[in-house]
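This briefing walks through a single protein chain, topic by topic, for a reader who wants to relate each statement to the coordinates. Please keep the structure open alongside the text.

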Amino acid sequence: MRRVFGITGWKNSGKTTLTEKLVAELVARGWTVSTVKHAHHDFDIDKPGTDSFRHRQAGATEVAIVSGRRWALMHELRGEDEPTLDEILARLAPSDIVLVEGYKREAHKKIEARRLEAKDRTPLSANDPNIVAVAADFTVEGEHLPVFDLDDTKSIADFVERSTGLVAQTK
C-alpha cells in the first residue's frame, strides 16, 4: 500500500510552498518522499533545440534522458487521455510517502491550503470529504476540520505522519 497525502487549494493558495516545506521536513525526519504535481496548462520540461526535444518533435512517444546525477522520462500523450493519478503513482519508485499537489477531485486524504491572496477563497472542504485539514495564513472561523497556520510546517508534518500511519512505521 502506498501512502499518499495531498495538498490542494485554489491558484496562489500556497500549495507549492507548503509542498516544498513538507518535503524538506519529512526528509529531515528520515522519510523518503516522492511528489506528483498536477499542471492544468500546457507545460514542457524540455527546451527547443535539445536532443531530447528533437527526439519528441520527430515523433517519439517516450524519451528518457539519463546522466550520472538524474534521469527523466517524458511521455507524449499524442491523443491519449491524461493518465489517472493511480497510473502515475504506479510508475513511481517505492517511497515512504507520496505528496500530491493539485488533483482536487481525487479521493485521497488532502490538506487544503488557503491564503488571502488566493485566486478564490471559497472553501473546498465544504464539498470534499477527502480534505482532512486546512492550512491558512489567516484566522479560519467555523471550520469543522483541524486548522493549521500555513507556516507551521512541523505541526502539519506531524498531522501528515499521523493521518497516513507513517509515524507508526518502523524505520
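Arg 78 is found in the loop between β4 and α3, and its phi is near 45°, a positive value in a residue other than glycine. The model that shows this is a predicted one, and its protein chain has four helices and eight strands in its secondary structure. The points below start with the backbone and then turn to the overall layout, the core, the salt bridges and the surface.

**Backbone angles in loops**

- Arg 78 counts as partly exposed, because its relative accessibility is 46%.
- Tyr 103 also has a positive phi in a residue other than glycine, with a value near 50°, and this residue lies in the loop between β5 and β6.
- Tyr 103 is buried, because its relative accessible area is 12%, which is under the 20% limit used for that class.

**Overall layout**

- Read from the N terminus, the elements of the protein chain follow the order β-α-β-α-β-β-α-β-β-β-β-α.
- The C-alpha trace of the protein chain spans about 55 × 40 × 25 Å along its principal axes, and buried residues account for 39% of the 171 residues in that chain.
- Ala 58, found in the loop between α2 and β3, is 27 residues from Trp 31 in sequence, while the C-alpha atoms of the two residues are 40 Å apart in space.
- Ala 58 counts as exposed, because its relative accessibility is 71%.

**Nonpolar core**

- The largest nonpolar core has 20 residues, and those with the most contacts inside it are Leu 18, Ile 97, Leu 99, Ile 111 and Ile 156.
- At least two residues of this core come from each of β1 (4-8), α1 (15-28), β5 (97-101), β6 (110-114), β7 (131-136) and α4 (153-164), and α4 gives the most, with four residues.
- As general background, nonpolar side chains tend to be buried together in soluble globular proteins.

**Salt bridges**

- A search of the whole structure finds 15 salt bridges, and one of the pairs is Lys 21 with Asp 151, whose closest N and O atoms are 3.2 Å apart.
- Because Lys 21 lies in helix α1 and Asp 151 in the loop between β8 (147-149) and α4, this pair ties together parts that are 130 residues apart in sequence.
- The two partners fall into separate exposure classes: Lys 21 counts as partly exposed at 31% relative accessibility, whereas Asp 151 counts as exposed at 57%.
- Asp 46 and Arg 56 meet through their side chains in a salt bridge of 3.6 Å, N to O, and this pair links distant parts of the chain, with Asp 46 in the loop between β2 (33-37) and α2 (51-57) and Arg 56 in helix α2, 10 residues apart.
- Asp 46 and Arg 56 are both buried.
- Arg 115 forms a salt bridge with Asp 137, and the closest N and O atoms of the pair are 3.9 Å apart, which is within the 4 Å limit that defines such a contact.
- Arg 115 lies in the loop between β6 and β7 and Asp 137 in the loop between β7 and β8, so this salt bridge ties together parts that are 22 residues apart in sequence.
- Arg 115 counts as partly exposed at 26% relative accessibility, and Asp 137 is partly exposed as well, with a relative accessible area of 33%.
- Glu 25, Arg 29, Lys 154, Asp 158 and Glu 161 are joined into one network by salt bridges that share partners.

**Surface patches**

- A patch of negative charge on the surface gathers Glu 80, Asp 81, Glu 82, Asp 86 and Glu 87, and one of these residues, Glu 82, is found in the loop between β4 (71-75) and α3 (85-91).
- A nonpolar patch on the surface is formed by Val 66, Trp 71 and Leu 73, which together have about 350 Å² of accessible area.
- Within this nonpolar patch, Val 66 is found in strand β3 (residues 62-66), and Val 66 is exposed because its relative accessible area is 64%.

Key. Residues numbered from 1 in each chain as written. Predicted model: local features only at pLDDT ≥ 70, side-chain atom pairs only at ≥ 80, totals over all residues. Heavy atoms only, no water. Patch = residues over 30% accessible without salt bridge, like charges linked within 9 Å, V, L, I, M, F, W, Y side chains within 5 Å. Areas by Shrake-Rupley, 256 points an atom, 1.4 Å probe, with all protein chains shown as cover. Lys, Arg positive; Asp, Glu negative; His and termini not counted. Charge placed at Lys NZ, Arg CZ, Asp CG, Glu CD. Buried < 20%, exposed > 50% of the residue type's maximum accessible area, 1.4 Å probe, protein only. Core = buried A, V, L, I, M, F, W, Y, C linked by side-chain atoms within 4.5 Å.
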